[in-house]
Amino acid sequence: MIIFLFFLSLILGPLPVYGAESPSYDIQIPPDAYKFIPDKLTIKAGDSVRWHNNSDRKHVLSSVPGSGNSDELEIFSDEFHPGTIYSHTFKEPGEYPYFCYIHNKMTGIITVRGKDQ
Ligand SMILES: [Cu+2]
């Protein structure tokens, strides 16, 4: 069932999940490849992104140092274990490139637009 939902999500692409709060978007780390699906995502300020680690390896998601609007890392998952979800809410518009600290070729970018854009 989980495998089926995973492939279904690949077909449908990232869909916002509407609830009482701002939308949430899903990014998958597949079981068989070192990448983020999708690796580029555009959202609005206040939206959340949920990364799903469907692989059997630990990852450490991190903003590219020096990117974003402050000195702090916007994205930092710490140890991101298999079968778990790392979630982050983006409050400020901007470009947020990120990568995996362990597997540096895993890269992605979140573009956050203002609420009215
Ligand atoms: Cu990794």
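This is a chat about the strands and sheets of the structure above.

Visitor: Before we start, what kind of model is this?

Guide: It's a predicted model, where local features need pLDDT of at least 70, side-chain atom pairs count only at pLDDT 80 or more, and totals for chains, interfaces and linings use all residues. Residues are numbered from 1 along each chain as its sequence is written.

Visitor: Great. In what order do the strands of the four-stranded sheet come?

Guide: The order is E2-E7-E6-E4, in an open sheet with mixed pairing. Strands here are DSSP runs (E, at least two residues), numbered from the N terminus. Two of them pair if DSSP finds at least two bridges between them.

Visitor: And which strands sit at the edges?

Guide: Strand E2 (40-44) and strand E4 (61-63), each of which pairs on one side only. Neighbouring strands in this sheet are turned by 25° against each other on average, direction ignored. For that angle, axes are lines fitted to C-alpha atoms, and angles run from 0 to 180 degrees between N-to-C directions.

Visitor: Parallel or antiparallel for E2 and E7?

Guide: Parallel, over five bridges. One pair to look up is Lys44 with its bridge partner Arg113 in E7.

Visitor: How many bridges join E6 to E7?

Guide: Six, and these two strands run antiparallel. Glu95 has Thr111 in E7 as its bridge partner. The link from E6 to E7 is a hairpin through six residues.

Visitor: What about E4 and E6, how do they run?

Guide: They are antiparallel too, with three bridges between E4 and strand E6 (residues 94-100). There, Ser63 is matched with Tyr98 in E6.

Visitor: What holds paired strands together, in general?

Guide: Backbone hydrogen bonds, in either a parallel or an antiparallel arrangement.

Visitor: Back to E7. Which residues are on its covered face?

Guide: In strand E7 (residues 107-113), Gly108, Ile110 and Val112 make up the covered face. Its uncovered face has Thr107, Ile109, Thr111 and Arg113. As a general rule, side chains in a regular strand alternate between the two faces of the sheet.

Visitor: Changing topic: what's the order in the three-stranded sheet?

Guide: E1-E3-E5, again open and with mixed pairing. Strand E1 (24-29) and strand E5 (85-89) are its edges, each pairing on one side only. On average, neighbouring strands of this sheet are turned by 20° against each other, direction ignored.

Visitor: How many bridges for E1 and E3?

Guide: Six, with E1 and strand E3 (residues 48-53) pairing in the parallel sense. To find your way there, start at Gln28, whose bridge partner in E3 is His52.

Methods: A residue is buried if 20 or more other C-beta atoms lie within 10 Å of its own, exposed if 12 or fewer, and partly exposed in between; C-beta atoms are placed from the backbone.
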